[in-house]
Amino acid sequence: MKLKLDDQGHAVLQDGKPVYVKDDGAEVAFDVMGTTQTISRLNAEAKSHRERAETAEKALKGFEGITDPAKAVEALQLVANLDAKKLVDAGEIDKVKAEIGKAFQTQLDAANGNASKLEQQLYAEMIGGSFARSKFAMDKLAIPPDLVQAYFGKAFAIEDGKVVAKDANGNKLYSAANPGDLAGFDEALEMLVNQYPGKDHILKGTGASGSGARDSQGGGGQQKGNFGGSKSDRVAAIKQMTSGA
């Protein structure tokens, strides 16, 4: 980034903040005080997280090998109540073990199923809802939100209850206007679109239309793919269009 200067060579200010010009021509007002405070806050949070992790690791040392404490306690109570001699005499130990394992697996499968269902509902609400409400998608993109999500949705995830965006290398996207903070949804989506090789096909006013972009290879501007079909048909049409196939 370069500092923006006026005709007299003085730094341009916006709300008392120096304005910088990024490589792509976008302008950002750099909040020095806010950045300093953010760095201090992040350092303090990192120290706190490290101390909690160290404390937790020490506390868990004595429970190595136990993946479900509640089930471990339940099993110990069950074993304590068994008449071991009678079980050995009757040859029932293996049977009891099998029944315990079967009951535990049933409960585990049910819990995993419920967790997966809740995770899907959370993803649909937080990420799907963000695409549906995105001002950037509505104002700047020439394709509907469901197609925007179909292509760019894989870049978003939920971590610690927040929507987080990552680039193609798995790196989290941070805000340009607020260094040190994660990029908000619309800012992250704009970054991803700007990095997308076929962005000219999906941006409004760059040769795209609301019903889908035209063939960039010529041929009279014939539209590729079935944009009037199902969602999967439209996603395939977008991929075909942007790949030049």
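How many salt bridges does a search of the whole structure find? Six. I'll walk through some of them, then get to a hairpin and a surface patch. One thing up front: this is a predicted model, so let me start with confidence.

The protein chain averages a pLDDT of 77, and 73% of the residues score at least 70. Within the protein chain, helix α7 has the highest confidence, with a mean of 93, while helix α3, residues 84-90, has the lowest, at 61. Then there's the stretch 207-223, where pLDDT stays under 50. The model does have 27 contacts for those residues beyond four places in sequence. But where pLDDT is low, the predicted coordinates should not be read in detail. So I'm leaving the details of that stretch alone, as pLDDT is under 50 there.

Okay, salt bridges. Look at arginine 41 and aspartate 181: their closest N and O atoms are 2.9 Å apart. This pair links distant parts of the chain, 140 residues apart, with arginine 41 in helix α1 and aspartate 181 in the loop between β6 and α7. Buried or exposed, you might ask, for arginine 41? Neither, really: arginine 41 is partly exposed, at 36% relative accessible area, and aspartate 181 is partly exposed too, at 27%.

Now go to helix α5, residues 135-140. Lysine 135 and aspartate 139 both sit in that helix, four residues apart, which is about one turn. They form a salt bridge with 2.6 Å between the closest N and O atoms. Lysine 135 counts as exposed, with a relative accessibility of 55%, whereas aspartate 139 is partly exposed at 39%.

Next up, glutamate 159 and lysine 172, where the closest N and O atoms of the salt bridge are 3.1 Å apart. Here too the pair links distant parts of the chain: glutamate 159 is in strand β5, lysine 172 is in the loop between β6 and α7, and they are 13 residues apart. Both count as partly exposed, glutamate 159 at 24% and lysine 172 at 35%. And back to arginine 41 for a second: salt bridges with shared partners join Arg41, Glu45 and Asp181 into one network.

Since we've touched β5, let's stay there. How do β5 and β6 pair? In the antiparallel sense, over four bridges. If you want one to click on, alanine 157 has valine 164 in β6 as its bridge partner. The hairpin has two residues between the strands, and aspartate 160 takes a positive phi there, near 55 degrees.

Just before β5, in the loop that follows α6, you'll find lysine 154. At 68% relative accessibility, lysine 154 counts as exposed. Lysine 154 and lysine 166 are 12 residues apart in sequence, and their C-alphas are 8.9 Å apart in space.

Last stop, the surface patch. Which residues make the nonpolar patch? Leu60, Phe63 and Ile66, covering about 310 Å². Isoleucine 66 is in the loop between α1, residues 32-60, and α2, residues 69-81. Why can isoleucine 66 be part of a patch? Because patch residues need over 30% relative accessible area, and isoleucine 66, partly exposed, has 41%.

That's my tour, happy to rotate the model if anyone wants another look.

Technical notes:
Residues numbered from 1 in each chain as written. Predicted model: local features only at pLDDT ≥ 70, side-chain atom pairs only at ≥ 80, totals over all residues. Heavy atoms only, no water. Patch = residues over 30% accessible without salt bridge, like charges linked within 9 Å, V, L, I, M, F, W, Y side chains within 5 Å. Areas by Shrake-Rupley, 256 points an atom, 1.4 Å probe, with all protein chains shown as cover. Salt bridge = Lys/Arg side-chain N within 4 Å of Asp/Glu carboxyl O. Buried < 20%, exposed > 50% of the residue type's maximum accessible area, 1.4 Å probe, protein only. pLDDT = per-residue confidence, 0-100. Contact = heavy atoms within 4.5 Å. Pairing = 2+ DSSP bridges.
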